[in-house]
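The exercises below ask you to read a fold from its coordinates, and each is followed by a solution that goes step by step. Please keep the sequence and the model open while you work.

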Amino acid sequence: MISVMKIVEDTTVDGPGFRTAVYSAGCPHACPGCHNPQSWDIGAGHKMSTEEIMQVIRADEFADVTFSGGYPMFQPEGFAELAEAVKVETGKNIWCYTGFTFERLLDDSRRVTLLRWIDVLVDGPYLGSQRDRDALFRGSRNQRLIDVQASLRERKVILYET
């Protein structure tokens, strides 16, 4: 089960093209200036099974998928199960937002399990002092768009080319 704030179909702001965005509840970062502070409390969401979420993802036939929040890495087991279902059943592209750096996520085997299913990771906390409205799919310049599969293979960060 995943604690979900909401699912938004056909969004165009959480990655390229049309996307189904799964906004998780629960985030320990509490970044000043966060655009979604109501998601910090994991209890603010409602529990959904992988199958319930997959019904929405399947129905949004032409949209890829984004995990945002809140903080999907706060619920790595549930999101890993969901990501695997997305890839196996639909083959859709998956983006994931995190307040941690890619390097820090590699120190946690539960989060690495989720990373194995992610195509692009937007990493790093939102920093209001580095806000940049022109940073594609990011809120601040410190955040990176990472090609996760290439980075796992090369054992170093490989940036995603837009």
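Two residues are said to be in contact when they have heavy atoms within 4.5 Å of each other. The model is a predicted one, in which local features need pLDDT of at least 70 and side-chain atom pairs count only at pLDDT 80 or more, while totals for chains, interfaces and linings use all residues. Residues are numbered from 1 along each chain as its sequence is written, and side-chain values use heavy atoms, with hydrogens and water left out.

**Exercise 1. Describe the overall fold of the chain.**

Step 1. Begin with the secondary structure, where helices (H or I, at least four residues) and strands (E, at least two) are DSSP runs numbered from the N terminus. The chain has five helices and seven strands, and their order from the N terminus is β-β-β-α-β-α-β-α-α-β-β-α.

Step 2. Turn to the dimensions, for which the radius of gyration is taken over C-alpha atoms and the globule rule is 2.2 Å times the number of residues to the power 0.38. For 162 residues the rule puts a compact globule near 15 Å, and the 14 Å of the chain agrees with this. Along the principal axes, the C-alpha atoms fill a box of roughly 40 × 35 × 30 Å.

Step 3. Consider burial, where buried means under 20% relative accessible area, exposed over 50%, and partly exposed in between (1.4 Å probe, protein chains only). Buried residues make up 46% of the 162 residues, and among the contacts with a separation of 6 or more, 63% join residues 24 or more positions apart.

**Exercise 2. Check the length of helix H2 and find what its buried residues pack against.**

Step 1. The expected span of a helix is 1.5 Å times one less than its number of residues. For the 15 residues of H2 (residues 76–90) this gives 21 Å, and the end C-alpha atoms lie 20 Å apart, which agrees.

Step 2. List the buried residues of H2, which are Pro76, Gly78, Phe79, Ala80, Leu82, Ala83, Ala85 and Val86. When reading such a list, recall that an α-helix has 3.6 residues a turn, so residues three or four places apart point the same way.

Step 3. Identify the partners: the buried residues of H2 pack against strands E1 (2–11), E2 (19–24), E4 (64–68) and E5 (94–97), and against helices H1 (50–59) and H4 (109–115).

Step 4. Look just past the helix, where H2 is followed by Gly91, a residue with a positive phi near 70 degrees.

**Exercise 3. Is Ile53 buried or exposed, and which residues does Ile53 touch?**

Step 1. Ile53 is found in helix H1, and its relative accessible area of 0% makes Ile53 buried.

Step 2. Apart from neighbours within four places in sequence, Ile53 is in contact with Ile2, Val4, Ile7, Val22, Met48 and Leu82.

Step 3. For a distance across the fold, take Ala83, which is 30 residues from Ile53 in sequence and 11 Å from it in space, C-alpha to C-alpha.

**Exercise 4. Compare the surroundings of Phe137 and Arg155, starting from their phi values.**

Step 1. Most residues other than glycine have a negative phi, and most peptide bonds are trans. Phe137 has a positive phi near 60 degrees, and Arg155 also has a positive phi near 60 degrees.

Step 2. Place each residue: Phe137 is in the loop between strand E6 (120–123) and strand E7 (144–147), whereas Arg155 is in the segment after helix H5 (148–154).

Step 3. Assign the exposure, with Phe137 buried at a relative accessible area of 18% and Arg155 exposed at 79% relative accessibility.

Step 4. List the contacts of Phe137, leaving aside neighbours within four places in sequence: they are Thr12, Val13, Asp14, Gly15, Pro16, Trp95, Tyr97 and Val122.

**Exercise 5. Which residues does Gly124 touch beyond its sequence neighbours?**

Step 1. Gly124 lies in the loop between E6 and E7, and a relative accessible area of 4% counts as buried.

Step 2. Not counting residues up to four places away in sequence, Gly124 touches Thr98, Gly99, Phe100, Thr101, Asn142 and Gln143.

Step 3. Finally, the C-alpha atoms of Gly124 and Ser140, which are 16 residues apart along the chain, are separated by 9.0 Å.
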